[in-house]
Number of protein chains: 2
Amino acid sequence: MSMLKPTIEDVAQLAGVSRATASRVINDVPGASAPLRERVRAAVTELGYQPNETARALATGRQRAIDVIVVTSRSGVGWLGTHPYISRVLAGLMPVVQGVNAQLRLHAVSPDTAADEIDEIASNTTLGAVFADITPDLAARFYRRCRHAVSMVRTDSPVPGMQADNIGGAEEAVNYLYQLGHRRIAAIHGPALNPCAIDRRAGYLQATQRLGMADLSADGDFLREGGHDAAQQLLEQHPDIDALFVACDLMAAGAVQAITASGRRVPDDVSIVGFDDSIAAVCSNPPLTTMRLPVEEMAATAARLLLAGGPARGHRQQFPVELVVRESARDLSAGRAGGNR
Amino acid sequence: MSMLKPTIEDVAQLAGVSRATASRVINDVPGASAPLRERVRAAVTELGYQPNETARALATGRQRAIDVIVVTSRSGVGWLGTHPYISRVLAGLMPVVQGVNAQLRLHAVSPDTAADEIDEIASNTTLGAVFADITPDLAARFYRRCRHAVSMVRTDSPVPGMQADNIGGAEEAVNYLYQLGHRRIAAIHGPALNPCAIDRRAGYLQATQRLGMADLSADGDFLREGGHDAAQQLLEQHPDIDALFVACDLMAAGAVQAITASGRRVPDDVSIVGFDDSIAAVCSNPPLTTMRLPVEEMAATAARLLLAGGPARGHRQQFPVELVVRESARDLSAGRAGGNR
DNA sequence: TTGAAAGCGCTAACAA
DNA sequence: TTGTTAGCGCTTTCAA
């Protein structure tokens, strides 16, 4: 007859050790022999034991929390509620954190002081950190100080990560545009150091090369304003552009605004494919055809991993990126009026 | 010499009572005489005592949490990360809940089963509930069962609430459009039972009446699709409309899409003013002129009130609603090309 | 290396 | 009405 919720006492009893020993192996602190570690771990899995975070917090005096880290030049944390991507990671995290009395701590760290802030967070971490948006070197730095971390963007090897196929997604976007008949496909990329941006850029480059098209690239910042300005500039430099691949929906929304303001029409004069499938895609006018990232699932998986004691070194998990067709890309071979509405 | 963090023991000692008595008065449960209550309360304020939520949670076996309630016909909680308004209330709540080891619990309750779900939540509540979106009767129902609640939308008298001037905001929006030279100003309203929607509708009606304009109203649902459809219908019925007041930005984004799709231009043919100033306003094309609601501050204030033991019966707090000028409304008296870009 | 025992700060029986 | 006393589930000295 199993209890509703096994406690560490149950684990200790089943393993035939003291509570203290059980605690030691569960927390991975030295002071327990290999054979006992074995037995305790067996008991843990057999019982499906999950530590009570409330009790831990009371005993240690420290808050149990998952630290969500995003490096950004915008200051404060208040604006994050208006950020389509961050809102989705929060929404993904919240339900899994709910049952265990853990908290979410949101850190917006500035690029210039990032190193120090990262160290600070790493030294105060309890359950671990989720990197919502970070550069590989910073991620590595954190990981060197604290093993409990999982990244939602690509990082270098030892750092565990949730992987979405950004390269493949970008290629697919360009392919789609190509199939629709477009041959002058420009791109607006994200920040030079952002791993997602780097991969999406790589995907674009690969596809254009393979298809024998010119590389028409502009740099953006993953913000709407940047997308707007980049589109404007692109249109001036290359007035013959007939399609645009934009590395995130927020920038794509800005790009649509710029294109429309320039007197051109989307998708009649230029087709656009975005990336993310955020609320921005749906609020844009016309609504954006885009590559969907399963952000909520990625975040939820990351949190579960952390609650389970942190993923193993180098752990990686794949997530699909899927084309969502809306109204911002048009089939050139179809009748003008028809489009793909 | 004051301790870093006073405990209930300190309070009890200072008040000259037992810990149990202190606990009783702090938790407002019967079993303490008036004079002792006095003394304990004095000690609490003198020490600046704040209960340790972690210890409370461990002792009671219940999670300390703020329940965020939104009644909606969409099921599940995952999509809330893509909801511009909810994301903002979450962002406002998160920082204040951070320091105290409290959690946020998000409840999306369905309208048909709302009564039961509300009862359920009320009976499990700990720190209290924030009504992000609710009808007055449901709010009252909750409040009858549990005094710890703050509404972010208008409610009937005893229920404490954060008040934004939705009526005044809607009036101001219509006035603004009127000043710009518009005389056929239609409106897309929100759900019939939603207090914010009701107030914004009232503001529109008041303003149009005062200004001697026709009431050109259509019903929406606070979702993009509803805004789209309502705009379409409005344009068919009243092709001479020159401006639109839309009760939320999400619907306004949909309305812009519908208007554009019908071959008209925003703001050249029809001006639009939205409400909220959410991310939807900024992603729309053109970006929306809108009435800004300080959602984050309202949410943060609500949470602080709850953490401080819950606001008094009938407590009310005012928040401003401000016009934010972007590009979706045009001055008819200005030159055609100029607009108000 | 292991276990016994003392808390962490609070609530809730139970006695008085 | 009041206080005494066990816990809540865990970590962490301190002895053994």
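These legends go with a handful of close-up views of a predicted model.

A quick note on conventions: residues are numbered from 1 along each chain as its sequence is written, while chains are lettered from A and ligands numbered from 1 in the order in which they are written. Since the model is predicted, local features need pLDDT of at least 70 and side-chain atom pairs count only at pLDDT 80 or more, whereas totals for chains, interfaces and linings use all residues.

**View 1. The protein surface around DNA strand C.** There are 27 residues around this strand, and A:Ala20, A:Ser33, B:Thr7, B:Ile8 and B:Ala59 come nearest. (Near here means a C-beta atom, placed from the backbone, within 6 Å of the strand.) Two or more residues each come from helices H2 (19-26) and H4 (53-60) of chain A, and from H1 (8-15), H2 (19-26) and H4 (53-60) of chain B. H4(B) gives the largest share, five residues. Helices (H or I, at least four residues) and strands (E, at least two) are DSSP runs, numbered from the N terminus. By class, you get 14 nonpolar, nine polar and four charged residues. (Ala, Val, Leu, Ile, Met, Phe, Trp, Tyr, Cys and Pro count as nonpolar, Asp, Glu, Lys and Arg as charged, and the others, Gly among them, as polar.)

**View 2. The protein surface around DNA strand D.** Here, too, 27 residues sit around the strand, with A:Thr7, A:Ile8, A:Ala55, A:Ala59 and B:Ser33 nearest. H1 (8-15), H2 and H4 of chain A each supply at least two residues, as do H2 and H4 of chain B. The largest share, five residues, is from H4(A). The class split reads 14 nonpolar, nine polar and four charged.

**View 3. Where chain A touches chain B.** On each side of this contact there are 39 residues; contact means C-beta atoms, placed from the backbone, within 7 Å. On the chain A side, H4, H5 (84-98), strand E2 (103-109), H11 (249-261) and H12 (279-283) each supply at least two residues. H5(A) provides the largest share, nine residues. That side of chain A divides into 20 nonpolar, 15 polar and four charged residues.

**View 4. The six-stranded sheet of chain A.** This open sheet has mixed pairing and the order E7-E6-E8-E9-E10-E12, where strands pair if DSSP finds at least two bridges between them. E7 (216-219) and E12 (322-324) of chain A are at the edges with a single partner strand each, so one side of each is left without a neighbour in the sheet. From one strand to the next, the twist averages 20°. E6 (185-189) and E8 (243-246) of chain A run parallel and are joined by four bridges; A:Ala186 has A:Leu244 as its bridge partner in E8(A). H11(A) lies across E6, E8, E9 (271-276) and E10 (289-292) of chain A, at about 155° to E9(A). (Axes are lines fitted to C-alpha atoms, for helices over the stretch in contact, and angles run from 0 to 180 degrees between N-to-C directions.)

**View 5. One end of the chain B sheet.** Chain B also has an open sheet of six strands, ordered E7-E6-E8-E9-E10-E12. Three bridges join E10 (289-292) of chain B to E12(B), and the two run antiparallel. B:Met291 stands opposite B:Leu323 in E12(B).

Definitions and conventions. Contact = placed C-beta atoms within 7 Å.
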